[in-house]
Amino acid sequence: MSQFNVDKVVVLADAGTSLASAVTTKKIKLDNYQSVKVIVLTGAGTEEKTNLRLCEVLSDGTNKEIGCKEIAVGNKVVSEANIVANQLAHDESVELIVKIDAVKSSTNTCQIVALLSEARYAVEDDNSVSE
């Protein structure tokens, strides 16, 4: 992903989402995109560490973790994680969710957005995000 041209921006968790409890985002479909960059934007506050987990949604509705990354939150830190659709193909999945572990007693908040890239088809569907 050395050159990343954004085709679509999708909000996965609204601004002001508390990090005092675990965060699980909306599902994002990658059936029309080759890659996604997940961006976690945090507000002011004490900088702390937590884990960002990328999980594919399997056909039976369960989640399977396919990546985990320690990130900093608070102090207006911006963190990111990258994924390509091929990482989901092994299990024939096309949906992804992001989970962030709770930062107990934290007052930090975040917003999570996905930058979708390399659209496969010119026709865009409106179903790229679901609850």
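A polar contact is a pair of N or O atoms within 3.5 Å, where one must be able to donate a hydrogen and the other to accept it. That definition is needed for several stops on this tour of a predicted model.

**Stop 1: K37 and its partners**

Select K37, which sits in strand β4. Show its side chain together with that of N82: a polar contact of 3.3 Å joins the two. Now add E80, whose side chain is joined to that of K37 by a polar contact of 3.1 Å. Is K37 buried or exposed? K37 has a relative accessible area of 14%, so it counts as buried. To see what surrounds K37, leave out residues up to four places away in sequence and display F4, E80, A81, N82, V113, A114 and L115, which K37 touches.

**Stop 2: S35, in the strand of K37**

Stay in β4 and select S35, which is found in this strand. The relative accessible area of S35 is 0%, which makes this residue buried. Add E118 to the view. The side chains of S35 and E118 make a polar contact of 3.1 Å.

**Stop 3: the four-stranded sheet**

Next, select β1, β9, β4 and β7. These 4 strands form an open sheet in the order β1-β9-β4-β7, and their pairing is antiparallel. Which strands stand at the edges? They are β1 (6–18) and β7 (78–84); each has a single partner strand, so one side of each is left without a neighbour in the sheet. Turn the sheet to follow its twist, which averages 15° from one strand to the next.

Now keep only β4, residues 33–42, and β7 in view. Over how many bridges do β4 and β7 pair? There are 7 bridges, and the pairing is in the antiparallel sense. To look at one of these pairs, pick V36 and then I83 in β7, its bridge partner.

**Stop 4: β5, β6 and β8**

Select β5 (48–57) and β6 (63–73). These two strands pair in the antiparallel sense over 10 bridges. Start from E48, and find its bridge partner V73 in β6. β5 and β6 form a hairpin, with 5 residues between them. In the turn, G61 has a positive phi of about 90°.

Then add β8 (95–100). β5 and β8 run antiparallel and are joined by 6 bridges. Select L54 here: its bridge partner in β8 is V98.

**Stop 5: the nonpolar core around L54**

Keep L54 selected and add I112. Within the largest nonpolar core, which has 27 residues, L54 and I112 have the most contacts. Which strands supply at least two residues each to this core? They are β1, β4, β5, β6, β7, β8 and β9 (109–119).

For a closer view of L54, set aside its neighbours within four places in sequence. The residues in contact with L54 are then V38, K64, E65, I66, G67, A81, N82, I83, L96, I97 and V98. N82 was shown at the first stop, where its side chain makes a polar contact with that of K37.

**Stop 6: the cysteines**

Select C55, C68 and C110. How many disulfides does a search of the whole structure find? The search finds 0. C55 is in no disulfide, and the nearest cysteine sulfur to its own is that of C68, 8.8 Å away. For C110, the closest cysteine sulfur is in C55 at 15 Å, too far for a bond. C55 is buried, with a relative accessible area of 4%, and C110 is buried as well, at 2%.

**Stop 7: two loop residues with positive phi**

Most residues other than glycine have a negative phi. The last stop shows two residues with a positive one.

Select K76, in the loop between β6 and β7. K76 is not a glycine, yet it has a positive phi of about 60°. Its relative accessibility is 63%, so K76 counts as exposed.

Finally, move to E92, in the loop between α1 (86–89) and β8. What is the phi of E92? It is positive, about 55°, although E92 is not a glycine. With a relative accessible area of 75%, E92 is exposed.

Definitions and conventions:
Residues numbered from 1 in each chain as written. Predicted model: local features only at pLDDT ≥ 70, side-chain atom pairs only at ≥ 80, totals over all residues. Heavy atoms only, no water. Pairing = 2+ DSSP bridges. Axes fitted to C-alpha atoms, helices over the stretch in contact; angles between N-to-C directions. Core = buried A, V, L, I, M, F, W, Y, C linked by side-chain atoms within 4.5 Å. Buried < 20%, exposed > 50% of the residue type's maximum accessible area, 1.4 Å probe, protein only. Contact = heavy atoms within 4.5 Å. Disulfide = S-S within 2.5 Å.
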